[in-house]
Amino acid sequence: MAQSHGGRGGMIALRLIDWIWTVRGSLSLAAGQSGDDAFARLDALFREQGTTRRREGHVLIFHKVNALSQDKLAVFERGELQVVGGPSGSELRYDLKSRALLFCFLAPFFFLGVSAAIETSRISGRVFAGIFTALYIAGRLLEARLVARLFALRLAGADETHRSDAPGTCSA
Amino acid sequence: MNAAFGSQSATRAPDARERATQRPTVHGGPVKRLFFTWFQPTVLLAMILFWTYAPDKLATPAVAIGIGIAFKALCLGLEWVSERHAHWRLTWKELTTDLFYVAVSFTLVKFAAKHIGSEPAIDAAKHYFNIHTAWAGHWPFLVQVFVTMLVFDFGQYWMHRAMHNWYPLWVTHAPHHYITQLNALKGAVGNPIEIFLIGLGIGGFFDFLPRAALAAGGIGLAIDVYTHANIRFNTPRWWLYLFNTIEHHSLHHSQDYQSTRCNYANTFIFIDRIFGTCVDGEAELVGQEGGRRMPIKEQMLYPFLPLIDKARAWRSPTAVAAE
């Protein structure tokens, strides 16, 4: 993804730690699939409440504010998707930022601090620090897999769910 | 299905029997339907029997906490077996957010309650006025348990009702109403000031057996854990009449503010029936401001926003007027 600001040293340092809140990946497009077609197939994902998006050539940039729980990209507040051509065909590259992942990464430190500061929270603070550590690891792995699967299925034109998530429908 | 039904009707309101038959039921095979029909009464009975007859070495606070955690986890699992609404389904982000509030309740709010909550205040008052209530510990055990639950819920009812009728209290409680889905952990979501206030009570006035408080907590959990849970049960009609349920509480979380002003009790919905604030029915679309999801930072700051706005107006009146 294009990065035009900041010193080179700073960018390298940031790159070393931004895996904490960043999910990157790439998916090969089908032979002959254009960038316009790929973005058209993904477009519904960015029509959610609180989401704004814009196209700049082969790059799609989105922002989310207070995404609803069932927004399939709710974990990511902003991101860039880019279609690039290569010798073996075009591919979709994505770079997604998540405050939720960063928050979950920092939460254990907060509760360790609480356990150190408050005697009555000595055990519970440590337990929750452990829970958030496990949640972070699970979330960092799970959300990366889910978003890759989501993009792959949408690009292939498949519906990734057989159950309605739409509010206003009754499951019974 | 309508977003909410049962609150008011332009034509004749359905009676209790009609509402019961209109309620969606658990779909699936006979085993699943049997399980989700009898689960709630069976667990309640089991909890009463355990806390009444379990040996003292088992009836401990640690066991109570363990049961509470295991039961919440079980309910989160049941949400995937008999789901009420797909858009209430738990996601990783919701789980992480909800557990943060649970963690804050278990640590910071608990610390505040221990030092500046109702228990130390009652202890100090009893000491000052030389009041002794050891006689209460000789009451029949289940009476002690029921009185503990009732006194707590009665206090909670009026605190909760006040929160919906007095602005300074509403700004502490409002963040809880910005949840956009319900699940078994959502009861802990809210501003810590509200969680502290809602926990105040005079149950500690009576010197009941310590075991009675544990039993009240366990039995109360077996009733009110479902009020935020995304689980479809075939809840018995007598249960709906006596206890707060997800049906009542989802209606309390309706998106229009006026519909939230009902069903205040945490456990015993008959308190609402007595005081005329009970509305039978349920809602599917929950939240405020059309379902805007409030982030954690805003949840924490929300009670102070009026003061922050006043401070801004004082420092820069022209800028605020322009806004």
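Begin by selecting Ile48(B), which in this predicted model is partly exposed, because its relative accessible area is 25%, a value that falls between the cut-offs of under 20% for buried and over 50% for exposed. Ile48(B) sits in helix α2 of chain B, and if neighbours within four places in sequence are left aside, the residues in contact with it are Leu142(B) and Ile219(B). Show the C-alpha atoms of Ile48(B) and Ile219(B) as well: they are separated by 6.3 Å, although these positions lie 171 residues apart along the chain.

Next, select helix α9 (residues 210–224) of chain B together with helix α3 (residues 61–81) of chain B, which pack with their axes 10 Å apart and at an angle of about 5 degrees. The two helices, α3(B) and α9(B), are therefore roughly parallel to each other, since an angle under 35 degrees counts as such. To see where they meet, display Pro61(B), Ala64(B), Gly68(B), Phe71(B) and Lys72(B) on α3(B), and then Leu214(B), Leu221(B) and Ala222(B) on α9(B), which together make the contact. Coloured by character, the residues of this contact of α3(B) with α9(B) come out as six nonpolar, one polar and one charged.

Staying in chain B, move to Arg23(B), which is found in the loop between α1 (16–22) and α2 (30–53) of that chain. Is this Arg23(B) buried or exposed? Arg23(B) counts as buried, because its relative accessibility is 14%. With residues up to four places away in sequence not counted, Arg23(B) touches Thr235(B), Arg237(B), Leu240(B) and Glu247(B). Turn the view towards Thr235(B), whose backbone oxygen lies 3.0 Å from a polar atom of the Arg23(B) side chain.

Two further loops of chain B deserve a stop for their backbone angles. Select Asn130(B), in the loop between α5 (118–128) and α6 (141–163) of chain B, where phi is near 55 degrees, a positive value in a residue other than glycine. Asn130(B) counts as exposed, because its relative accessibility is 56%. Then go to Glu289(B), placed in the loop between β2 (282–283) and α13 (296–301) of chain B; here phi is near 50 degrees, again positive in a residue that is not glycine.

Now turn to chain A, which has four helices and five strands and, read along the sequence, follows the pattern α-β-α-β-β-β-β-α-α. Of the 172 residues in chain A, 39% are buried. Select the strands of chain A, and you will find that five strands form an open sheet in the order β1-β5-β4-β3-β2, with antiparallel pairing. At the edges stand β1 (22–28) and β2 (51–56) of chain A, each with a single partner strand, so one side of each is left without a neighbour in the sheet. From one strand to the next, the twist averages 15 degrees.

Zoom in on β2(A) and its pairing with strand β3 (residues 59–64) of chain A, which is antiparallel and extends over six bridges. Among the residues to label here is Thr51(A), whose bridge partner in β3(A) is Lys64(A).

Finally, add helix α2 (residues 35–42) of chain A, which lies across β2, β3, β4 (78–84) and β5 (91–97) of chain A and runs at about 145 degrees to β4(A). With the whole of chain A in view, consider that, of its contacts with a separation of 6 or more, 53% are between residues 24 or more positions apart.

How values were computed
Residues are numbered from 1 along each chain as its sequence is written. Chains are lettered from A and ligands numbered from 1 in the order in which they are written. This is a predicted model: local features need pLDDT of at least 70, side-chain atom pairs count only at pLDDT 80 or more; totals for chains, interfaces and linings use all residues. Side-chain values use heavy atoms; hydrogens and water are left out. Buried means under 20% relative accessible area, exposed over 50%, partly exposed in between (1.4 Å probe, protein chains only). A polar contact is a pair of N or O atoms within 3.5 Å; within protein, one must be able to donate a hydrogen and the other to accept it, and residues adjacent in sequence count only if both atoms are side-chain atoms. Contact means heavy atoms within 4.5 Å. Two strands pair if DSSP finds at least two bridges between them. Axes are lines fitted to C-alpha atoms, for helices over the stretch in contact, and angles run from 0 to 180 degrees between N-to-C directions. Angles under 35 degrees count as roughly parallel, over 145 as roughly antiparallel, 65 to 115 as roughly perpendicular and the rest as oblique. Ala, Val, Leu, Ile, Met, Phe, Trp, Tyr, Cys and Pro count as nonpolar, Asp, Glu, Lys and Arg as charged, and the others, Gly among them, as polar.
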